[in-house]
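Reader: I would like a close look at the charged side chains in this model and at the covalent and ring contacts that accompany them. Please keep it plain.

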Amino acid sequence: MDLKLLLVTTLLGSFCYSSAQKEGNECINANARYCGKCIQAGAKCGWCTDPDFLKQGEMVSTRCDELESLRKRGCDEAKIENPRGGQRVLKNKMVTNRRKGAEKLKPEDITQIQPQKLSVVLRSGEPQSFNLKFKRAEDYPIDLYYLMDLSYSMKDDLENVKNLGTSLMLEMSKITSDFRIGFGSFVEKTVMPYISTTPAKLLNPCTVEQNCTSPFSYKNVLKLTSDGKKFNTLVGQQRISGNLDSPEGGFDAIMQVAVCGDQIGWRNVTRLMVFSTDAGFHFAGDGKLGGIVLPNDGKCHLENNEYTMSHYYDYPSIAHLVQKLSDNNIQTIFAVTEEFQPVYKELKNLIPKSAVGTLSANSSNVINLIIDAYNSLSSEVILENSKLPEGVTIAYTSRCKNGAVGEGENGRKCSNISIGDEVTFTISLMATACPKDGKPETVKIKPLGFTEEVEITLHFICECECHKEGVTSSDRCHFGNGTYECGACKCNPGRVGRQCECGINEVATEDMDQTCRKDNGTDICSNNGDCICGTCECKKRDNPEERYSGRYCECDNFNCDRSGNRLCGGHGRCECRVCVCEPAWTGSACDCSLDTGTCLASNEQICNGRGTCECGTCKCTDPKFQGATCETCPTCPGVCAEHKDCVQCRAFATGDKAEQCEAECGYFRLVKVTERSKLPQPNDAAFPVVHCKERDANDCWFYYTYAINNNTEKEVHVVDKLDCPAGPDITPILAGVVAGIVLIGSALLLIWKLIMIIHDRREFAKFEKEKMNAKWDTGENPIYKSAVTTVVNPKYEGK
């Protein structure tokens with residue numbers, strides 16, 4: 001590929017940098033060259049509008065960064081473009097607190113969901129949340145439409161349904177005072193090949209003994225009404241029909257009931273449809289058996305209350321039915337025989353807000369079935385939303401009864417809701433991108449099976465406020481080759497460069513490259529950038545905090561001296577490889593403190609007046625003085641006497657501080673030596689050493705040295721033997737004294753032994769005499785009892 005073409009392609013790709021760019025900084029990764037793209041990159045991103053913000057060599061896209069980073073880099077808060085989203089409630093009618101028997105309200109005056117209308121402004125990456133309240137109203141109106149299979153197998157069921165109207169009205173009056181009921185029936189398409197085409201069979205598909213009506217797809221027998229007797233009358237006039245296969249055309253009927261709102265008479269209240277059958281169903285594709293290939297159009301085709309297009313449109317699909325039932329807020333109750341329970345339970349799983357009940361063989365339990373199914377459906381609220389605009393996501397969190405919290409899919413619903421119960425949902429909307437046209441969009445949220453809904457108008461932040469003040473064809477953008485907005489040029493198509501000074505065919509020429517070489521060298525932009533229109537635009541680093549800058553990208557903010565493994569010691573910033581220190585610090589790595597507080601001596605003088613404070617540490621100018629503040633003088637008079645007692649107690653465990661030695665004398669390191677010659681000598685040591693000779697209470701001398709080493713530690717070296725004065729030889733005298741004492745002791749010991757022998761013999765003789773004269777009592781012990789028991793047989797006479 002041609003080198004020039006390759007470079008142009010790279011430029012048109014917005015100079016994409018390494019995919020290894022530091023993760024997490026979505027602002028840097030966006031490589032935004034204008035403000036609108038920057039704020040769409042994420043909620044943390046801001047754009048600096050200061051015209052002088054960029055250093056030489058920095059790309060326009062470096063205006064886009066995280067807010068804190070922009071502040072650190074010197075962009076004034078007032079010049080950071082950072083629009084935020086928001087929301088406003090437009091309609092917020094309170095939920096209805098109503099008791100049964102209270103003043104009757106129109107259905108449109110009853111409110112179960114709050115709020116009803118909002119306006120939400122979304123910025124990419126920034127969620128907007130609001131709370132939605134739902135309260136199940138008492139005495140809420142109900143419309144119930146009974147859709148019945150009138151094939152021949154349902155003959156006995158029809159007899160029981162004929163009295164359903166008044167009985168059901170009576171039972172439902174316990175739930176609501178505003179109840180209406182309607183009736184419809186279905187059999188099958190009349191053009192299916194499995195129905196005999198003979199005229200007689202079409203007129204009466206049953207046996208000769210049974211007079212049946214002609215087969216039909218769907219009839220709306222009775223529009224929704226509050227007259228239960230009328231229901232009984234019209235249902236009583238219905239006749240059974242028939243067909244030859246088991247599945248019925250019920251899906252055609254369900255579709256018409258859902259979409260023919262005016263003919264059925266649906267109100268904006270709770271809508272229930274009871275689907276009663278003892279058979280399966282045909283669905284989309286089965287119509288091909290009768291030559292019907294057109295998909296169901298999902299529209300109303302009732303003429304004289306009868307479906308007229310069954311021969312023209314195929315059965316609807318399950319998905320089509322789900323959509324129409326949901327759009328029209330109809331909750332379905334499948335009342336089917338036990339044989340088809342598994343089939344309709346699977347169907348229930350595909351149709352939200354539906355229930356399945358077991359119909360007895362003759363439909364005698366239909367009222368209880370309807371009541372139970374209604375209670376089950378009405379005790380659960382499930383939220384659904386209309387189709388979301390591209391790039392918009394929604395999340396639900398439910399707060400149901402007893403403090404139960406649900407998230408994810410469970411966040412859409414609450415169960416076991418009784419009449420009067422109030423539950424809350426938190427709904428969070430977030431845009432990940434702006435719509436292509438950027439126009440407002442509408443999203444609707446409603447509880448399944450209810451007509452009430454929340455309407456949300458979404459507005460999108462796709463441009464910055466400063467965009468409105470942009471100047472098209474600005475002179476600041478190279479003779480009008482771009483729009484000057486938000487502190488930078490937004491180039492017209494085909495133009496590049498910071499001021500749009502080049503066309504895409506002019507970006508890489510030898511003359512332009514020459515201006516990007518420092519000191520006429522060979523490296524373009526110091527190998528740290530690209531030459532664009534004769535100007536260096538520096539590359540980006542993997543770490544977004546690290547940047548190249550300078551006319552030739554020769555500078556950076558990460559190659560400065562370090563101290564403590566921190567750039568510029570953590571007390572400055574790196575500019576063009578040189579540390580610029582904070583006011584209280586200096587040095588090449590900003591590791592030298594200018595604070596003299598650590599150098600103050602006890603007399604409040606810096607370094608005791610005998611040194612200078614350098615980087616927070618004293619440098620003593622008088623060689624006799626040492627220590628952190630030049631206050632210690634090891635060779636000054638009085639040093640030996642000052643430390644005498646502590647040296648004596650630690651070396652020999654004697655002296656005035658013997659009892660307090662451990663507490664008061666641990667401030668120096670003690671080293672014992674065997675001879676005075678082994679003590680440190682002043683000329684040999686690398687630091688001043690003072691020699692000491694002190695006398696104890698016994699007139700014995702001890703020798704030691706005291707010093708402060710180069711690590712400011714106190715050291716004492718002591719001779720481990722006392723030097724006591726010589727006296728007269730008293731050894732012979734002491735030996736004679738000892739011998740006399742031993743002799744006297746031995747004599748006394750023999751005398752004591754003789755006396756003890758005589759005394760012991762007299763005492764023994766006295767004991768023997770008393771023993772001979774003793775008289776012991778030979779009687780029995782009165783409390784003694786023998787361990788042997790003797791039993792005599794009274795009949796034994798010794799024979």
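Is Glu 171 buried, partly exposed or exposed, and why does it count that way?

Author: The model is predicted, and the description below should be read with that in mind. Glu 171 counts as partly exposed because its relative accessibility is 28%. The side chain of Glu 171 forms a salt bridge with Lys 174, with 3.5 Å between the closest N and O atoms. Lys 174 has a relative accessible area of 59%, so this partner is exposed.

Glu 171 and Lys 174 belong to a set of 24 salt bridges. Another of these joins Lys 117 to Glu 455, at 3.9 Å from N to O. This bridge connects distant parts of the chain: Lys 117 lies in strand β6 (residues 117-122) and Glu 455 in strand β22 (residues 454-460), 338 residues apart. Lys 117 is partly exposed, because its relative accessibility is 32%. Glu 455 is partly exposed as well, with a relative accessible area of 24%.

A buried case is the salt bridge of Lys 189 and Asp 252, where the closest N and O atoms are 2.8 Å apart. Again the pair links distant parts of the chain, with the two positions 63 residues apart: Lys 189 sits in the loop between β9 (179-186) and α7 (199-203), and Asp 252 in helix α9 (residues 250-259). The relative accessible area of Lys 189 is 0%, so this residue is buried. Asp 252 is buried too, with a relative accessible area of 0%. Elsewhere, salt bridges with shared partners join Glu 58, Asp 65, Arg 73 and Arg 547 into one network.

Glu 694 lacks such a partner. This residue belongs to strand β40 (residues 689-695). Glu 694 is buried but has no salt bridge, and the nearest side chain of opposite charge, that of Lys 644, is 4.5 Å away. A salt bridge requires the nitrogen and oxygen to be within 4 Å, so a separation of 4.5 Å does not qualify. Leaving aside residues up to four places away in sequence, Glu 694 touches Cys 640, Ala 641, Lys 644, Cys 700, Trp 701, Phe 702 and Tyr 704.

Next come the covalent links. The count of disulfides is 26. One of them joins Cys 525 to Cys 536, with 2.0 Å from S to S. The torsion about its S-S bond is about -95°, so this disulfide is left-handed. Cys 525 is placed in the loop between α14 (510-514) and β27 (529-532), while Cys 536 is in strand β28 (residues 535-538), 11 residues apart. Both cysteines of this pair, Cys 525 and Cys 536, are buried.

The strands around this link also pair with each other. β27 and β28 run antiparallel and are joined by 4 bridges. Within this pairing, Ile 532 stands opposite Thr 535 of β28. The hairpin has 2 residues between the strands, and Cys 533 there takes a positive phi near 55°.

A right-handed case is the disulfide of Cys 599 and Cys 613, because the torsion about its S-S bond is about 65°. Their sulfur atoms are 2.1 Å apart. Cys 599 is buried, because its relative accessibility is 0%. Cys 613 is partly exposed, with a relative accessible area of 23%.

Cys 620 and Cys 630 form a disulfide with sulfur atoms 2.0 Å apart. Their link is left-handed, with -105° about the S-S bond. Here Cys 620 lies in strand β38 (residues 617-620) and Cys 630 in the loop between β38 and α15 (639-652), 10 residues apart. Cys 620 is partly exposed, with a relative accessible area of 28%, whereas Cys 630 is buried, with a relative accessible area of 0%.

Last are the ring contacts, for which the count is 16 aromatic pairs. The rings of Phe 275 and Phe 334 have their centres 5.9 Å apart and their planes at 75°, so the pair is edge-to-face. Phe 275 is in strand β11 (residues 270-277) and Phe 334 in strand β14 (residues 330-336), 59 residues apart. Phe 275 is buried, with a relative accessible area of 2%, and Phe 334 counts as buried at 1% relative accessibility. Both rings belong to a cluster, linked by ring pairs, of Phe 186, Phe 251, Phe 275, Phe 281, Phe 283, Phe 334 and Tyr 344.

Note on methods
Residues numbered from 1 in each chain as written. Predicted model: local features only at pLDDT ≥ 70, side-chain atom pairs only at ≥ 80, totals over all residues. Heavy atoms only, no water. Buried < 20%, exposed > 50% of the residue type's maximum accessible area, 1.4 Å probe, protein only. Lys, Arg positive; Asp, Glu negative; His and termini not counted. Contact = heavy atoms within 4.5 Å. Disulfide = S-S within 2.5 Å. Pairing = 2+ DSSP bridges. Phe/Tyr/Trp six-rings, centres within 6.5 Å; stacked < 30°, edge-to-face > 60°.
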